[in-house]
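Okay, thanks for making time this morning. Let me put the sequence and the structure up, and then I'll talk you through them.

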Amino acid sequence: ADYISPEKNMMQKAENYYNNQNDIVNIDFRKYVANGITKTNENRSNQRISHNFFRLLVNQAVNYVTGNSISYTHDDEKFKQYLDDFLMFDFDDNNIVWLKESRKKGKAYLHVYYDEQGNLKYAVIPSEQIIPIYKNEFRKELQQVIRYYVILGVDEQGKAVLRKKVEWWNEQEVKIFIEDSKGDFISVNIMPHWTTSIDTNPEYIESHAWGRVPFVQLFNNDEAIADLQDIKGYIDAYDIIESEFINQIADVREILIKVM
């Protein structure tokens with residue numbers, strides 16, 4: 001399955017490291033192996049120091065690129081004012097999130113849509129939720145996008161359960177699937193990219209399509225490799241060395257207190 005693939009596993013790992021949940025938090029320093037048997041020394045200290053170097057490096061790179069807002073010019077001053085008033089504020093904010101997601105996970109996806117009031121909006125979708133389908137082997141232009149995520153649903157007995165929801169986007173529409181109790185995916189809806197109506201006849205709904213998949217991908221580099229891949233080993237080594245040092249100091253202190 002895609003969500004347990006090495007790529008998606010690395011994306012989740014990057015999210016953990018960005019939130020200072022490094023692999024060190026899963027290490028139990030009280031455990032040791034003797035004659036092939038894992039044992040636990042309950043008297044040993046088990047301090048685990050997680051260093052948030054990854055967040056610092058990602059934020060530093062993003063701030064360097066997005067320190068100044070995007071500047072642009074246009075001959076039509078009214079159109080330029082419209083961009084200022086309705087688009088650029090959200091666009092600048094989304095650029096920061098978009099770039100941060102690509103630095104963390106190697107690639108990021110910006111979803112373009114209209115809200116219920118008809119305003120053009122942008123949203124950065126977590127990269128681990130996306131399966132991109134490209135038009136050719138060069139992997140530059142998106143043909144389709146599959147997005148999957150977990151929602152809270154209700155089973156046949158009325159109990160709250162977690163179900164997977166799938167959105168299958170193409171250039172004209174989006175198909176919605178919901179996971180059932182057997183683990184199968186049932187088609188529940190087919191929708192256009194957006195719809196419009198007029199005040200004089202609100203019941204008449206007109207469907208529209210972008211003519212392309214409403215997702216824009218951003219690669220961190222040519223190989224779409226996340227920043228964590230090159231530095232994870234150094235962070236883990238630093239975490240282990242400092243945690244071991246702190247545990248030794250704590251154990252020696254405990255011994256000195258008992259002797260005194």
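I'll go through the sheets, then the cores, then a helix pair and one serine. Keep in mind that this is a predicted model.

So, the five-stranded sheet. It's open, the strand order is β5-β6-β7-β8-β9, and the pairing is antiparallel. At the edges you have β5 and β9 (185-192), each with a single partner strand, so one side of each has no neighbour in the sheet. From one strand to the next, the twist averages 20°.

Let's walk across that sheet. β5 and β6 are antiparallel and share five bridges, and if you want a register marker there, Ile131 sits opposite Ile146 in β6. Next pair: β6 is joined to β7 (residues 160-169) by ten bridges, antiparallel again. A handy marker for that one is Val150, whose bridge partner in β7 is Lys164. The hairpin of β6 and β7 has five residues between the strands, and Gly158 there takes a positive phi near 85°. Then β8 and β9 run antiparallel with seven bridges, and Glu179 is opposite Phe185 in β9.

There's also a three-stranded sheet. That one is open too, in the order β4-β3-β12, with antiparallel pairing. Here β4 and β12 (215-219) are the edge strands, and each has a single partner, so one side of each is left without a neighbour in the sheet. Neighbouring strands are turned by 25° against each other on average, ignoring direction. Between β3 (residues 107-114) and β12 I have five bridges, and Tyr109 stands opposite Gln217 in β12.

Now, what's in the largest nonpolar core? Eleven residues: Tyr109, Ile125, Ile130, Tyr134, Leu142, Val145, Trp169, Val174, Ile176, Val213 and Phe215. The elements giving two or more residues to that core are β5 (130-134), β6 (142-154) and β8 (173-179). There's a second, separate core as well, with nine residues, including Ala14, Tyr18, Phe54 and Leu99.

Back to Ile176 in the largest core for a second. If you skip neighbours within four places in sequence, Ile176 contacts Lys165, Val166, Glu167, Ile186, Ser187, Val188, Asn189 and Met191.

On to the helices. How do α1 and α2 pack? Helix α1 (residues 6-18) and helix α2 (residues 53-66) cross at an angle of about 95°, with the axes 7 Å apart. That puts α1 roughly perpendicular to α2. On the α1 side you've got Ala14, Tyr17 and Tyr18, and they meet Phe54, Arg55, Val58 and Asn59 in α2. Sorted by class, the contact comes out as five nonpolar residues, one polar and one charged. And yes, Ala14, Tyr18 and Phe54 are among the residues in that second core.

Last one: Ser127. This serine is in the loop between β4 (120-125) and β5. Buried or exposed? Ser127 is buried, with a relative accessible area of 1%. Again leaving out neighbours within four places in sequence, its contacts are Lys8, Met11, Glu101, Lys105, Lys107, Ala108 and Tyr109. Tyr109 you've already met, as one of the residues in the largest core and as the residue opposite Gln217.

Okay, that's my tour. Happy to rotate things if anyone wants another look.

Technical notes. Residues numbered from 1 in each chain as written. Predicted model: local features only at pLDDT ≥ 70, side-chain atom pairs only at ≥ 80, totals over all residues. Heavy atoms only, no water. Core = buried A, V, L, I, M, F, W, Y, C linked by side-chain atoms within 4.5 Å. Buried < 20%, exposed > 50% of the residue type's maximum accessible area, 1.4 Å probe, protein only. Helix = DSSP H or I, 4+ residues; strand = E, 2+ residues; numbered from the N terminus. Contact = heavy atoms within 4.5 Å. Axes fitted to C-alpha atoms, helices over the stretch in contact; angles between N-to-C directions. Parallel < 35°, antiparallel > 145°, perpendicular 65-115°, else oblique. Nonpolar A, V, L, I, M, F, W, Y, C, P; charged D, E, K, R; others polar. Pairing = 2+ DSSP bridges.
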